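These notebook entries record what I looked up, one topic at a time. I begin with a pair of aromatic rings and move on to sheets, helices and the contact between chains.

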Amino acid sequence: MSYLKIDHVDKTFQRGATSTPVLKDISLDIERGEYVSVIGHSGCGKSTLLNIIAGLTPITSGAVLLEGREVRDPGPERAVVFQNHSLLPWLTVYDNVALAVNKVFGGRKSKAERHDWIMHNLDLVQMGHAKDKRPAEISGGMKQRVGIARGLSMEPKILLLDEPFGALDALTRAHLQDSIMQIHATLGNTMIMITHDVDEAVLLSDRIVMMTNGPSARIGEVLDVRLARPRKRLDLVSDRTYIAAREAVLKFLYERHRFVEAA
Amino acid sequence: MGRAVLKEVETGATVVALPGAKPGVVPLPAPPRKPISSRLLPWLRTILVNVLPPLVTVALIALFWQIAAAGPQSSLPPPTKIWEEAKDLIVEPFYWAGSQDIGLGWRILVSLQRVAIGFSLAAIVGVLLGALVGQSVWAMRGLDPIFQVLRTVPPLAWLPLSLAAFRDSQPSAIFVIFITAIWPVIINTAVGIRNIPQDYRNVAQVLRLNQVEFFFKIMVPSAAPYIFTGLRIGVGLSWLAIVAAEMLTGGVGIGFFIWDAWNSSRLSDIIVALIYIGVVGFVLDRLVALTGSIVTRGTLTH
């Protein structure tokens with residue numbers, strides 16, 4: 001039995017009399033500690049897939065099983081790092097993480113332990129220094145760091161990242177990718193990341209799940225990225241495995257499943 | 001900064017060159033300590049700029065009024081006559097000489113107390129009902145049409161009914177305040193709740209916040225700007241309603257004072273009371289607005 005099992009999941013959105021099939025027969029097994037990226041053109045339903053795993057979107061048919069238990073509703077054991085960070089603007093950086101920690105560990109940890117845990121997670125993303133700032137006072141990259149800290153602080157069985165670096169500039173994005181690799185190496189979390197960035201997918205993932213275009217998107221191909229960790233961005237530029245993996249994904253996206261512009 | 005110049009280089013690449021941008025450190029002379037008068041000057045200036053125009057306007061209105069109401073045939077008293085007749089009301093707002101012979105300050109306080117009770121009840125019930133209507137589609141379908149009809153009923157139309165129900169003027173006046181102030185609070189809160197971004201709801205769902213936690217940690221802070229808009233409209237309406245309600249219910253409030261003064265033909269007293277009411281209403285509005293801007297400073301800056 002795999003750690004996370006996505007078993008023949010279909011998703012159809014119903015709006016009045018019209019129904020739109022979004023995902024068709026998605027099956028995927030993910031092992032503990034794996035870093036899996038889901039890549040595809042926009043509108044292919046990759047975010048819907050993530051929301052289904054999170055439990056935020058109900059499934060039409062099929063099932064998602066985490067450690068053998070069916071996922072029916074959202075919960076902190078499947079923490080989500082949202083694309084637009086989704087920090088609460090009226091709370092400080094510290095309080096945003098504290099909201100999660102107090103809810104998840106309120107009964108199990110003492111106040112001092114919870115404080116240490118909040119600071120530990122903020123330090124993990126190098127945001128301890130800004131704990132008293134409000135989200136409006138920090139940069140986009142910093143907000144996303146706090147979002148990651150909030151997700152990690154729930155000690156999730158699986159961390160779901162919904163295009164976490166999509167809204168950031170290239171340099172900030174590279175910084176955060178390095179941070180995520182560091183965290184993944186240290187904590188060994190299971191992570192699923194939605195992305196549309198080929199380099200990001202190859203750099204970070206153990207496996208890349210490539211989705212066909214919607215409607216009724218399927219898993220087109222799954223690519224194993226056999227690159228040793230820790231990975232160094234600069235060393236990989238000329239690495240043959242890296243180049244081959246990159247080429248495979250690009251070919252999938254731009255040759256076999258080209259994005260057809262919806263009228 | 002010089003103008004960017006594009007140069008075609010032989011390789012075909014485009015090079016952008018910025019002429020004349022020489023980096024260097026320019027030493028700034030230490031700023032001399034300004035004398036106190038020049039530091040006070042801008043501060044004085046702002047005060048003058050903001051206070052002088054309304055003062056001039058008031059003076060002009062008073063002058064015009066004085067001329068217009070100067071004749072012996074005039075039906076309204078000129079400012080000088082008001083000063084003569086109602087000087088005690090103006091300079092001594094807090095004198096006490098018997099049950100009906102008291103300063104306007106006391107009367108205002110009595111009215112304010114009624115507004116405080118009625119408005120606080122309206123705020124609490126309004127936010128709760130607004131949250132219900134904003135959160136639940138069925139509650140909205142069921143309640144919203146009723147709210148839309150009831151909110152158009154003028155405050156005073158409620159008074160006979162409420163007198164009949166409570167059989168006392170004090171709770172009746174408070175009820176009128178309550179029923180006047182509650183509608184904008186309900187409607188604005190509901191709009192605020194409906195506008196809570198889906199992202200915040202997702203966060204709450206992932207954290208499995210329960211209804212109470214969701215109400216206090218997500219709903220209220222997120223809808224706070226809307227709630228305070230409703231409260232601000234509500235406090236203004238209650239101050240409008242209290243004066244009218246007190247005219248009919250009697251007692252010690254500022255509304256009854258006006259009615260009493262009219263019955264004894266003390267026009268100067270009425271004019272002084274009007275100014276009191278205006279100033280207090282203005283202060284109430286600013287107080288709620290100030291509270292709102294302090295409470296929502298986090299929510300509004302994103």
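**Entry 1. Aromatic rings of chain B**

I looked up B:F166 and found it partly exposed, with a relative accessible area of 40%. I note here that the model is a predicted one. B:F175 is also partly exposed, at a relative accessible area of 22%, which places it above the 20% under which a residue counts as buried. I then asked which residues form one aromatic cluster with B:F166 and B:F175. They are B:W158 and B:F178.

I next asked how many aromatic pairs there are over all chains. The count comes to seven. For B:F147 and B:W183, I read a distance of 5.7 Å between the ring centres and an angle of 50° between the planes, so this pair is tilted. The pair joins distant parts of the chain, for B:F147 belongs to helix α5 (residues 137-150) of chain B and B:W183 to helix α7 (residues 169-194) of chain B, 36 residues apart. I checked whether these two residues are buried or exposed. B:F147 is buried, at a relative accessible area of 7%, and B:W183 is buried at 8%. I returned to B:F166 and B:F175, which make a tilted aromatic pair with 5.8 Å from centre to centre and 50° between the planes.

**Entry 2. Charges over rings in chain A**

I looked for lysines placed over aromatic rings. A:K11 lies over the face of A:F13, 4.9 Å from the ring centre. A:K109 is placed over the face of A:F105, at 4.5 Å from the ring centre.

**Entry 3. The six-stranded sheet of chain A**

I traced an open sheet of six strands in chain A, with the order β6-β7-β8-β3-β9-β10 and mixed pairing. Its edge strands are β6 (78-81) and β10 (219-224) of chain A, each of which pairs on one side only. From one strand to the next, the twist averages 20°.

I then followed β7 (residues 158-162) of chain A towards its neighbours. Four bridges connect β7(A) with β6(A), and the two strands run parallel. Within that pairing, A:V81 has A:L161 as its bridge partner, while A:V80 has A:L160. Towards β8(A), I found five bridges, again with parallel strands. A:L160 stands opposite A:I192 there.

How enclosed is β7(A) by the rest of the structure? Five of its five residues are buried, so β7(A) is largely enclosed. In general, side chains of a regular strand alternate between the two faces of the sheet. In β7(A), both faces are covered: A:I158, A:L160 and A:D162 are buried on one side, and A:L159 and A:L161 are buried on the other.

I also asked which helix lies across β7. Helix α5 (residues 170-187) of chain A lies across β3 (35-39), β7 and β8 (190-195) of chain A, and runs at about 160° to β8(A).

**Entry 4. The four-stranded sheet of chain A**

I found an open sheet of four strands in chain A, ordered β2-β1-β4-β5 and paired antiparallel. The edges are taken by β2 (18-30) and β5 (69-70) of chain A; each has a single partner strand, so one side of each is left without a neighbour in the sheet. Two bridges link β5(A) to β4 (residues 61-66) of chain A, and the strands run antiparallel. In this pairing A:R69 is the bridge partner of A:L66. Helix α1 (residues 46-54) of chain A lies across β1 (4-15), β2 and β4 of chain A, at about 115° to β1(A).

**Entry 5. Chain B and its contact with chain A**

I read the secondary structure of chain B as 12 helices and two strands. From the N terminus on, the two strands come before the helices. Of its 302 residues, 35% count as buried. Among the contacts in chain B with a separation of 6 or more, 62% are between residues 24 or more positions apart.

I then turned to the interface. In all, 20 residues of chain B are in contact with 24 residues of chain A. The two chains bury about 1,900 Å² between them, with 67% of that area on carbon and sulfur atoms. Which three residues supply more of the area that chain B buries against chain A than any other three? They are B:V206, B:L207 and B:R208, which supply 35% of it.

Key:
Residues numbered from 1 in each chain as written. Chains lettered and ligands numbered in written order. Predicted model: local features only at pLDDT ≥ 70, side-chain atom pairs only at ≥ 80, totals over all residues. Heavy atoms only, no water. Phe/Tyr/Trp six-rings, centres within 6.5 Å; stacked < 30°, edge-to-face > 60°. Buried < 20%, exposed > 50% of the residue type's maximum accessible area, 1.4 Å probe, protein only. Lys NZ or Arg CZ within 6 Å of the ring centre and 35° of its normal. Pairing = 2+ DSSP bridges. Axes fitted to C-alpha atoms, helices over the stretch in contact; angles between N-to-C directions. Contact = heavy atoms within 4.5 Å. Buried area = accessible area lost by both parts, 1.4 Å probe.
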